[in-house]
Amino acid sequence: MTTPLLTLIFPSNQANLADVADVVTNPSAWVNEAGLAVGSEDVIDSEITYLDTFDGRIYRRGVTLSVDAKERRRELVLSHPSGQTKGRWRIRKSPSTAETLPLASSTSRTGPGSSGGHGELADVISTIGIRALIPVLVWKGEVRSARIVDPLEKTVALLTSYVGVLAMADGSHVKAPSVVMIEPLKGFSAHGEALASAAAAYPSLAGDLNIFHCLAESAGISPAGYDTRLRLTCEPDAPVRDALRELLTSMLDTVKATLPGVLADTDSEYLHDFRVSVRRARSLLGRFKAHFSGSALDHLVGELKWLGNITGPTRDLDVFLINAVTYLRDAPPEDEQGLVALGEHLHHQRRLAQRRLARELKSERFVEFIQWWTAWLEALDNDGVEEPRARQAADAAIAKQWKRLLKQGDAIHPETPVEALHALRIEGKKMRYLLEAFSPLYPGRPMKRIIREIKRLQNNLGDLQDYEIQQVQLRQFAHDMAARSSAAPVEALVAVGRQIERLAGKQQNERERFSDVWTKVAAPKHRRTLRDLCAPKVT
Amino acid sequence: MECIALYSMKGGVGKTAAAVNLAHLAAKDGRRVLLWDLDPQAASTFYLRVEPARGGAKGLLRGKRDLDPLIRASDYEGLHLLPARFSFRNADAALADSEAPARRFRQLVKPLSDDYDLIVFDCAPGFSMLSESVLGACRYAFVPVIPTPLSIRALAMVCDNLGKRPRIRPFFSMVDRRKLMHRDIVDAPEQLARKPLATAIPYASQVEQMGSYRAPINTFAGGSTADRAFAALWAEVRELTDR
């Protein structure tokens with residue numbers, strides 16, 4: 001059973017600073033009111049770095065992960081948002097990925113009753129997945145730790161206060177909210193309650209206390225990280241151009257937000273999110289081209305296509321390398337050496353591809369394009385022309401795309417050439433992007449199920465295409481190996497050959513799954529839903 | 001979870017000092033430790049500055065009370081205390097109607113294994129149903145022996161009366177090497193009914209000062225002869241229990 005923790009947070013703009021100072025740096029007055037006294041006290045300079053993924057996965061898990069550095073010691077701390085520690089691990093270096101976090105078997109300094117630290121860390125490791133851990137907030141200041149004692153001089157509670165600043169990205173500092181934590185020792189909860197009553201006289205924050213949330217607010221950052229999902233806020237009867245401007249601005253914002261991570265190659269998801277935003281923008285412009293002027297639209301679409309092209313090679317290699325772990329595991333032992341050599345080759349190719357990509361994204365062409373796109377969106381207005389309402393335009397676009405998708409999908413049978421499936425994949429993406437972008441205009445989110453089935457379709461067709469691309473890449477690799485040396489290791493070539501066969505097998509499996517997957521997408525209930533929502537345009 | 005007992009037929013042999021210091025050192029070593037003070041004199045409880053509890057021994061020993069709410073954290077990280085109760089003097093009556101008191105006691109402590117790596121029982125002196133039950137729940141019983149003939153005889157009685165469990169490991173306590181008798185006995189340990197641990201705890205003022213400081217020796221006299229002796233004793237206990 002863990003000991004409850006009382007947390008008091010004093011906002012940095014607290015009106016009565018004298019009160020805050022009393023509570024935080026001179027607690028004797030109110031501690032004495034509880035019939036207790038402040039025993040020995042330590043003051044240590046400390047730096048606490050909160051870690052999370054770019055998209056706030058740890059925050060959304062409901063915990064915080066931080067590196068506490070004081071004196072010469074560094075600890076990884078997993079906490080409840082109120083500050084209650086769930087686990088502590090001594091570390092040498094700040095972790096940057098799930099693999100560099102302490103494993104469950106390592107020694108943990110957790111107190112009795114909090115043995116859940118290892119399990120919770122394992123959950124965090126699985127939540128992080130392939131994303132990198134980045135510092136999202138840095139707090140620096142004084143940590144005061146005091147023992148609160150009873151008349152027998154027995155420690156009954158620990159009082160810890162944090163007074164400091166937040167280090168901002170531009171090098172400046174802002175005053176952080178002061179935090180006081182009262183932790184009664186096990187068996188002394190009555191004393192904890194007495195302290196809480198005495199502290200209640202001071203104007204701290206009430207309600208559901210989340211220290212990280214408060215710190216993030218003070219620093220002006222979102223505690224939940226960057227959200228790449230589209231959230232259209234305009235009204236259904238707003239002019240359609242308002243909706244399009246809002247959506248395209250959101251996509252441009254994601255391109256800008258993910259760019260530093262792409263350039264630094266922090267993790268592969270930055271590039272994935274960058275590409276998805278580019279594809280969404282292209283898809284939206286293609287569907288609603290009638291609402292934009294010709295030359296500007298051509299320029300925008302052309303540059304977005306360029307971005308799709310220059311990011312493709314790196315992303316393809318990322319997908320291969322992400323799957324390579326599974327391939328290695330599934331391969332027979334005699335192929336292991338060959339596949340390891342393949343892996344090294346792919347990593348090398350990826351490094352080259354990333355360098356080329358970074359050059360392009362630092363080029364004048366790219367910088368100018370982003371500036372142009374930003375200015376174009378800001379200048380986008382209605383031109384005084386009568387235009388349809390957002391919902392009306394969405395109905396028509398969805399209806400048209402749905403008809404197109406059904407026609408192509410219904411026409412596919414087991415002997416249909418694979419190119420038709422690749423084409424269907426693209427139409428499925430366009431359908432999904434439309435539904436995701438405009439679903440806020442439809443109350444009750446009736447398209448949720450359809451979107452889910454289309455995602456499954458995309459996974460099926462996406463895997464199909466990935467396996468094909470990877471077979472091509474492997475053939476090229478085998479050629480390169482043989483071309484480099486006439487004495488290319490036979491084992492490596494044989495291993496590559498067998499891997500190509502396995503990929504062909506997986507491709508065939510996905511092909512065979514298509515029929516079931518498609519049946520769910522094109523189910524009568526989905527046809528009815530879209531007909532009812534987008535009537536009378538759906539037939 | 002490991003259970004060990006500090007036990008002796010005789011009082012005043014350094015049992016409680018050993019219990020408190022070993023428990024503290026084990027906690028410093030990273031273990032989650034519960035020190036259970038079973039002596040109505042409540043000396044361990046006093047050393048750790050906790051108020052002894054009142055009443056309730058009967059219900060506790062019969063398993064009718066949850067142990068967790070009775071536990072108190074000490075001032076030392078990783079060390080908790082189940083305080084003594086004066087009503088433990090009537091413990092035998094509480095256990096008298098139990099068919100297998102040792103098994104009952106083992107069941108009583110079993111739920112603690114989620115929260116603790118080590119339980120150290122500070123037993124009351126003398127032989128009783130309670131001590132027999134506690135010892136039955138332990139793998140090792142460490143018996144402090146002052147190097148005198150009477151203490152050696154008392155050890156022999158304990159060894160004769162207890163079965164194979166727990167394993168009895170005596171250690172010399174309150175050793176004053178200025179005394180010829182102490183030197184002779186410590187230097188000829190084969191006289192003891194069981195082979196003693198290599199460490200001998202000296203007669204030292206720091207041990208008495210525990211009552212003034214109300215704290216383990218390591219916290220106020222770290223590096224002293226007594227502190228080093230208890231550290232060495234813990235090292236031997238740890239090696240035995242880690243096997």
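This is a short conversation about how to read some features of the structure above.

Visitor: What should I know before I start?

Guide: This is a predicted model, in which local features need pLDDT of at least 70 and side-chain atom pairs count only at pLDDT 80 or more, while totals for chains, interfaces and linings use all residues. Residues are numbered from 1 along each chain as its sequence is written, chains are lettered from A and ligands numbered from 1 in the order in which they are written, and side-chain values use heavy atoms, with hydrogens and water left out.

Visitor: In what order do the eight strands of the open sheet in chain B stand?

Guide: Strands of a sheet pair through backbone hydrogen bonds, either parallel or antiparallel. Here, two strands pair if DSSP finds at least two bridges between them; strands (E, at least two residues) and helices (H or I, at least four) are DSSP runs, numbered from the N terminus. In chain B the order is β3-β4-β2-β5-β1-β6-β7-β8, with mixed pairing. Because β3 (72-73) and β8 (200-202) of chain B each have a single partner strand, they stand at the edges, and one side of each is left without a neighbour in the sheet. Further in, β1 (residues 2-6) and β6 (residues 140-145) of chain B pair in the parallel sense over three bridges, and Leu6(B) stands opposite Phe142(B).

Visitor: Which strands pair with β3(A)?

Guide: Strand β2 (residues 37-52) of chain A pairs with β3(A) in the antiparallel sense over six bridges, with Ile48(A) and Asp68(A) as bridge partners. Strand β4 (residues 73-79) of chain A also runs antiparallel to β3(A), joined to it by seven bridges, and there Ser66(A) has Val77(A) as its bridge partner. Two residues lie between the strands in the hairpin of β3(A) and β4(A), where Glu71(A) takes a positive phi near 50 degrees.

Visitor: Is β3(A) mostly covered or mostly open?

Guide: Buried means under 20% relative accessible area, exposed over 50%, and partly exposed in between, with a 1.4 Å probe and protein chains only. Strand β3 (residues 64-70) of chain A is mostly covered, with five of its seven residues buried.

Visitor: Which residues of helix α5(A) are buried?

Guide: In α5 (residues 189-199) of chain A they are Gly192(A), Leu195(A), Ala198(A) and Ala199(A). Seen down the axis, they fall within an arc of 120 degrees, so they line one face of the helix; the arc is that of the directions from the helix axis to the C-beta atoms. The face turned away from this buried side carries the exposed residues Ala190(A), Glu193(A) and Ser197(A).

Visitor: How many disulfides are there?

Guide: A disulfide is a pair of cysteine sulfur atoms within 2.5 Å, and a search of the whole structure finds zero over all chains. Take Cys3(B): its closest cysteine sulfur, in Cys138(B), is 5.3 Å away, too far for a bond. Cys3(B) counts as buried at 6% relative accessibility, and Cys138(B) counts as buried at 0%.

Visitor: Where is there empty space inside, and which residues line the largest cavity?

Guide: Rolling a probe the size of a water molecule over the atoms shows where empty space is left. On a 1 Å grid over the protein atoms alone, a cavity is a set of points where a 1.4 Å probe fits but cannot get out, and lining residues have an atom within 4 Å of a point. Grid points are joined across faces, edges and corners, and a volume is the space filled by probe spheres set on the points. The count comes to three cavities of 30 Å³ or more, and about 60 Å³ of space lies in the largest cavity. Its lining residues include Met9(B), Val143(B) and Leu155(B). The largest share of that lining, four residues, comes from α7(B).

How values were computed
1 Å grid on protein atoms, 1.4 Å probe; cavity = no way out; pocket = protein on both sides within 12 Å on 5 of 7 lines; lining within 4 Å.
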